[in-house]
Amino acid sequence: MPRRRTRMSLVWVVPIVAAIVGVWVAVAKIMGEGPTITIVFDSAEGMEAGKTEIHYNGVTVGTLATLRIAKDHRKVVATARMQPETASFLVEDTHFWVVRPRISGATVSGLGTLISGAYVGMEIGKSTRSERSFVALASPPVVSQDVAGTFFVLRTSQLGSLDYGTPIYFRRLQVGEVASYELDADGRALTVRIFVQAPYDGYVTTATRFWQASGIDVSLTAAGLTVQTQSLLSILVGGIAFEAPPGAAAGAAAPAETTFTLYDDRTQAFQPPRGVSQTYELVFRQSVRGLAVGAPVEFWGIPIGEVVDVRPEVDTTKMALTVHVTVEVHPELLHVTAPSQATPGGVEEHRVRVDGLVAHGMRAQLQTGNLLTGALFVALDFFPDAPQASIDWSLTPPRIPTTAGEIAALEAKITRLVTKLEALPIDAIGKDVTEVLRTLDATLAEARRTLAAADKALADAGTLVAPDSALRVELSGMLQEMSRAMRSLRVLTDYLERHPESLLRGKSGEAK
């Protein structure tokens, strides 16, 4: 049987070769393309399909192929073609974000995009699970995953000047930065997440205190003027400092994500623990201008609490206005252990203590804390001369008796003085004084007339006794005559003594 031979025409060679080449090209193309991923952005501002690139450490690793609006119409979904070698990079915790010019905290980044345009940044995660769908970060990660360190959490009521990248200081050395912050759901506080680089994170212990290091902390004490600040950068952009209180035990190293309180300043951070607070109400019947929420409550100059509420109340029946001030007191700031009020015995002991203080004259008084600003504070002090009073435990919160402040006491004294002055019979006294003055005028007129008469009499007497007056001449003549008579009498007497017989015979020599 003759052997059957199959011969393929040369016509088929060309399409077969073309098919093989096509398959090879297709396979080569598929093998040459990297994975395709989707990234969800908040906005496509500055991005353009086919041109916007994805960079990792300055190297282009992909390009955005398409941009479309998400189904919820709020986001933008981008499809990106990545290079083949990036397949192992695309894991669960890999992050993408848009790089634009940004000023955040002490950091200025993305200035190059002013010329080149925005691009997508990428940070490789550490997970081992592959992922192809991602949600871009709203802002670049402050801390790279390659940097060693520890994250901690701070709780504060005010964000102040804090922002992403705000520096963290330890003994004026920048050792970290703020990674993120978030407002609580109830809107009453904020949670700030910070990153402290290694090995400085080892200095964060359970005794460490964090405080706002923004601006300049100026205090005037008996030791003089004290100015504290971390650095010029912290003055300009703010900052957070941490340190352990002087003399405090070092404490154990704080684990990651430990939560600390962020204090407003260093002084507040290093205050001793306040412990359990006790709330009281104070009623003042005077102006409280200068008293604000947060004003200190002091006992003999030692801060032991603060004012938490100030509200006026009007009694329409008596038409009287009073100001009710609520204060929180922390007895442990006086190194006094407050009895536990969770038990009946503790409550009774607490009341006995406070009653004893009030019985010894303890009262609340408004005093001036600053003469320039007129700021007031509440002072608890002993006033032995104060009227007897007691604390009203039936109210919530209990009411501590008060006494008038220094200015109010001065006003009261002036008021009492004015009242006494008003009670005086000023009109009657005025009339009497007027009558007395009128009488005095008449008396003075009479006195003037008397003095004039006396002057005239003296003048007349002077005229009589003048050297050339007639009276004086006559008197002088008379005196001379009397003098001559006295001499003649003396001569006669002497003669008779010598010649007594002359009384009988006559003077010798005389004719008989």
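In which helix is the place of V21? In this predicted model, V21 belongs to helix α1, which covers residues 13-32. V21 counts as partly exposed because its relative accessibility is 44%, a value between the 20% and 50% limits. V21 also contributes to a nonpolar surface patch of about 560 Å². The other members of this patch are V13, V14, V17, W24 and V25.

The interior was examined next. The largest nonpolar core contains 26 residues. Within this core, the residues with the most contacts are Y280, L282, L291, V307, V325, V327 and V378. At least two core residues are supplied by each of the strands β19 (278-284), β20 (296-299), β21 (302-315), β22 (320-329), β23 (362-368) and β24 (376-382), and likewise by helix α5 (344-359). Strand β22 gives the largest share, four residues. For V327, with neighbours within four places in sequence left aside, the contacts are Q278, T279, Y280, L282, V297, E306, V307 and V308. Among these contacts of V327, Y280, L282 and V307 are also listed with the residues that have the most contacts inside the core.

Another region was considered around strand β14 and the loop that follows. Q212 lies in strand β14 and counts as buried because its relative accessibility is 13%, under the 20% limit. Apart from neighbours within four places in sequence, Q212 is in contact with Q158, L159, G160, L162, G239, L262, Y263, D264 and D265. A213 is found in the loop between β14 (209-212) and β15 (217-221). With a relative accessibility of 6%, A213 is therefore also classed as buried. A213 and S161 are separated by 52 residues in sequence, while their C-alpha atoms are 9.9 Å apart in space.

Charged pairs were then surveyed. Side chains of opposite charge can pair when their charged atoms come close. The whole structure holds 16 salt bridges. One of the pairs is formed by the side chains of R311 and E281, with an N to O distance of 3.0 Å. This pair links distant parts of the chain, since R311 is in strand β21 and E281 is in strand β19, 30 residues apart. The two partners fall into separate accessibility classes: R311 is partly exposed, with a relative accessible area of 29%, whereas E281 is buried, with a relative accessible area of 6%.

R311 takes part in a further salt bridge, with the side chain of E313, at 3.3 Å from N to O. E313 counts as partly exposed because its relative accessibility is 33%. Both E281 and E313 belong to a network of salt bridges that links E281, D309, R311, E313 and R399. Strands β19 and β21, which hold E281 and R311, each supply at least two residues of the nonpolar core as well.

A salt bridge within a helix was found between the side chains of E446 and R449, where the N to O distance is 2.2 Å. Both residues lie in helix α7 (residues 426-464). Their spacing of three residues corresponds to about one turn of the helix. E446 is partly exposed, with a relative accessible area of 41%.

Technical notes: Residues are numbered from 1 along each chain as its sequence is written. This is a predicted model: local features need pLDDT of at least 70, side-chain atom pairs count only at pLDDT 80 or more; totals for chains, interfaces and linings use all residues. Side-chain values use heavy atoms; hydrogens and water are left out. A nonpolar core is a set of buried Ala, Val, Leu, Ile, Met, Phe, Trp, Tyr and Cys residues joined through side-chain atoms within 4.5 Å. Buried means under 20% relative accessible area, exposed over 50%, partly exposed in between (1.4 Å probe, protein chains only). Contact means heavy atoms within 4.5 Å. Patches are made of residues with over 30% relative accessible area and no salt bridge: like charges are joined within 9 Å, nonpolar side chains (Val, Leu, Ile, Met, Phe, Trp, Tyr) within 5 Å. Accessible areas come from the Shrake-Rupley method with a 1.4 Å probe; for residues, only the protein chains shown count as cover. A salt bridge is a side-chain nitrogen of Lys or Arg within 4 Å of a carboxyl oxygen of Asp or Glu.
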